[in-house]
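Today I'm looking up aromatic rings and what sits around them. I'll jot things down as I go.

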Amino acid sequence: MALKATVFKAQLSLSDMDRGLYQDFSLTLARHPSETDERMMIRLAAFAWHAAERLEFTKGLSADDEPELWRKNYSDEIELWIELGQPDERRLKKACNRSRQVVLYLYGGRGTSVWWKQNQGKLSLHDNLSIIELSDSQTLPLAAMIERTMQLTCTISDGQLWVSNGKTEVTLDPLMLQGKQAHELV
């Protein structure tokens, strides 16, 4: 019998000082059976960094031809494509051809530097690709905040994302490897 996705609810109170965006979001996240807590919380963090009216979670791991999040315009053209992890370079090339802007949140500990060294040359050819590395020393504590129903306060300033659930606070300090900062992509 196939395992079903687990549904999580998040009330996100966002104060994005970089963009002057102050808004509350009621989010529903479906965690694929093979998805880790860390990955799901990075998806949530990516949403906070790029929060916008038409930004939405996709089928993610359940669909090969969709990113984790995307923002489409009213003509159904993809404006922003957000990937997570260490995808194949061909997948990112395809994303760059389909979307105006692509962002990869690279995570996974020591393996990220190996992945980056192997792919940097080919990926540098894509002007519309931003690659942002997240340290596992920051993402693992974020994963520990996961609950089926979450009340999160997120503050963004100078590209840093501060997340609090009232008991724990985590700061994500992204390292830009290529491209533009999150607040420059809106």
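Here are my notes on the ring pairs and on the charges over rings.

**Entry 1, getting started.** I'm working with a predicted model. I asked how many aromatic pairs the structure holds. I got 4 aromatic pairs. A reminder to myself: a pair of aromatic rings is described by the distance of the centres and the angle of the planes.

**Entry 2, Phe47 and Phe57.** I looked at phenylalanine 47 with phenylalanine 57, and they are stacked, with 5.6 Å centre to centre and 20° between the planes. I filed the pair as stacked because planes under 30 degrees apart count that way. Where do the two partners of this pair sit in the chain? Phenylalanine 47 is in helix H1 (residues 37-50) and phenylalanine 57 is in strand S3 (residues 55-57), 10 residues apart, so I noted a link between distant parts of the chain.

**Entry 3, buried or exposed?** I checked phenylalanine 47 and found it buried, at a relative accessible area of 3%. Phenylalanine 57 came out buried too, at 18%; that still counts, because the cut-off is under 20%.

**Entry 4, Trp70 and Trp81.** Next I pulled up tryptophan 70 and tryptophan 81, an edge-to-face pair with 6.3 Å centre to centre and 65° between the planes. Tryptophan 70 lies in strand S4 (residues 69-72) and tryptophan 81 in strand S5 (residues 78-84), so the pair ties together parts 11 residues apart in sequence. I found both tryptophan 70 and tryptophan 81 buried.

**Entry 5, a cluster.** Back to the phenylalanines: ring pairs join Phe25, Phe47 and Phe57 into a cluster.

**Entry 6, charges over rings.** Which arginine lies over the face of tyrosine 74? I found arginine 54 there, 4.6 Å from the ring centre. I also noted arginine 148 over the face of phenylalanine 8, at 5.7 Å from the ring centre.

Methods. Residues are numbered from 1 along each chain as its sequence is written. This is a predicted model: local features need pLDDT of at least 70, side-chain atom pairs count only at pLDDT 80 or more; totals for chains, interfaces and linings use all residues. Side-chain values use heavy atoms; hydrogens and water are left out. Rings of Phe, Tyr and Trp (its six-membered ring) pair if their centres lie within 6.5 Å; planes under 30 degrees apart count as stacked, over 60 as edge-to-face and the rest as tilted. Helices (H or I, at least four residues) and strands (E, at least two) are DSSP runs, numbered from the N terminus. Buried means under 20% relative accessible area, exposed over 50%, partly exposed in between (1.4 Å probe, protein chains only). A charge sits over a ring if NZ of Lys or CZ of Arg is within 6 Å of the ring centre and within 35 degrees of the ring normal.
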